[in-house]
Amino acid sequence: MIDREGYRPNVGIILCNASNQVFWGKRVNQHAWQFPQGGINAGKRRNAMFRELEEEVGLLPAHVRILGRTREWLRYDVPPHWTRRDSRGLYRGQKQIWFLLRLTGRDCDVSLRASSHPEFDAWRWNEYWVPMDAVVDFKREVYRLALEELERYLHRDARHVRQRAPRLCSRRDAAADFLLKS
C-alpha cells in the first residue's frame, strides 16, 4: 500500500530494557543494525506493531508495555536506485509511526527465529543515544526525530521502573538464542 505521495505506511519500534538501553537488530547477512520495523497492510498501527514485534523479535504483547508513540508520520526517502513506479504509483520511501516499548519480559524471551524468514541474525542492547553513523544514512534523520520525541516517555517511565533481580531463563531458552545475541 503506497499513498499518493509515494510513501508506504510503516511502524518502527524502539524497545528498551529496565536500564533504558535500546534493542538493536543486525540485518541478516549484512553489517547493518536497526530497530525493528515493518509495514502496515490493513488494520491498526498498534496491531501492525505487535505483529512486527513478534515476527522480528519473537516478543508477545505480554512481554512489553507501550510507553508512547510519535504523534505524526515521520518520513524517509530511499536512495534513487530503489525508487520505482508500478501500478500503485511511484515508491519514494516510507512513512512511519514509531512506538516506544518497555521490555517487561526477559532477555531470553527474545527469539530472532520466531518467523520462517528472520530479519535479524544478531541483537544487542545499546545506550539510548548511539552515534547516528550506526544507522544507514537515509534513515538517520527519522531515527533522530523518533528518539527525540519519544525520550520524554522513557524518562517518565524510568521513575516507575523498579530495580529487581533479573529473572533467570531456562538453560534451553538461553542456549537457543545465545549465538544470535552477539
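By about how many helical turns are R51 and E55 separated in helix α1? I should like to open with that pair, noting at the outset that the model under discussion is predicted.

R51 and E55 lie four residues apart in helix α1, which spans residues 45–57, and are therefore separated by about one helical turn. The two form a salt bridge in which the closest N and O atoms are 3.8 Å apart. With a relative accessible area of 27%, R51 is partly exposed. E55 falls into the partly exposed class as well, at 34% relative accessibility. The pair belongs to a wider arrangement: R51, E52 and E55 are linked in a network of salt bridges. For the structure as a whole, the count of salt bridges is 11.

Let me turn to a second bridge, between R92 and D77. Here the closest N and O atoms are 3.5 Å apart. R92 sits in the loop between β8 (89–91) and β9 (93–103), whereas D77 belongs to strand β6, residues 74–77, so this salt bridge ties together parts that are 15 residues apart in sequence. R92 has a relative accessibility of 32% and counts as partly exposed; D77, at 36%, is likewise partly exposed.

The third bridge joins R106 to D109, with 3.2 Å between the closest N and O atoms. Is each partner buried or partly exposed? R106 is partly exposed at 24% relative accessibility, while D109 is buried, its relative accessible area being 16%. The cut-off for burial is under 20%, so the two residues are classed separately.

I move next to helix α2, which covers residues 140–158 and contains R144. The side chain of R144 makes a polar contact of 2.6 Å with that of E148. Which residues does R144 touch once its neighbours within four places in sequence are set aside? They are W129 and M132. In addition, the C-alpha atoms of R144 and V130 are 9.9 Å apart in space, with the two residues 14 apart in sequence. R144 itself is partly exposed, with a relative accessible area of 26%.

Finally, I would draw attention to N17, placed in the loop between β1 (7–16) and β2 (22–27). Is this loop residue buried or exposed? N17 is buried, at a relative accessible area of 9%. Beyond its neighbours within four places in sequence, N17 is in contact with R102 and W125.

Terms used: Residues are numbered from 1 along each chain as its sequence is written. This is a predicted model: local features need pLDDT of at least 70, side-chain atom pairs count only at pLDDT 80 or more; totals for chains, interfaces and linings use all residues. Side-chain values use heavy atoms; hydrogens and water are left out. Helices (H or I, at least four residues) and strands (E, at least two) are DSSP runs, numbered from the N terminus. Buried means under 20% relative accessible area, exposed over 50%, partly exposed in between (1.4 Å probe, protein chains only). Contact means heavy atoms within 4.5 Å. A polar contact is a pair of N or O atoms within 3.5 Å; within protein, one must be able to donate a hydrogen and the other to accept it, and residues adjacent in sequence count only if both atoms are side-chain atoms. A salt bridge is a side-chain nitrogen of Lys or Arg within 4 Å of a carboxyl oxygen of Asp or Glu.
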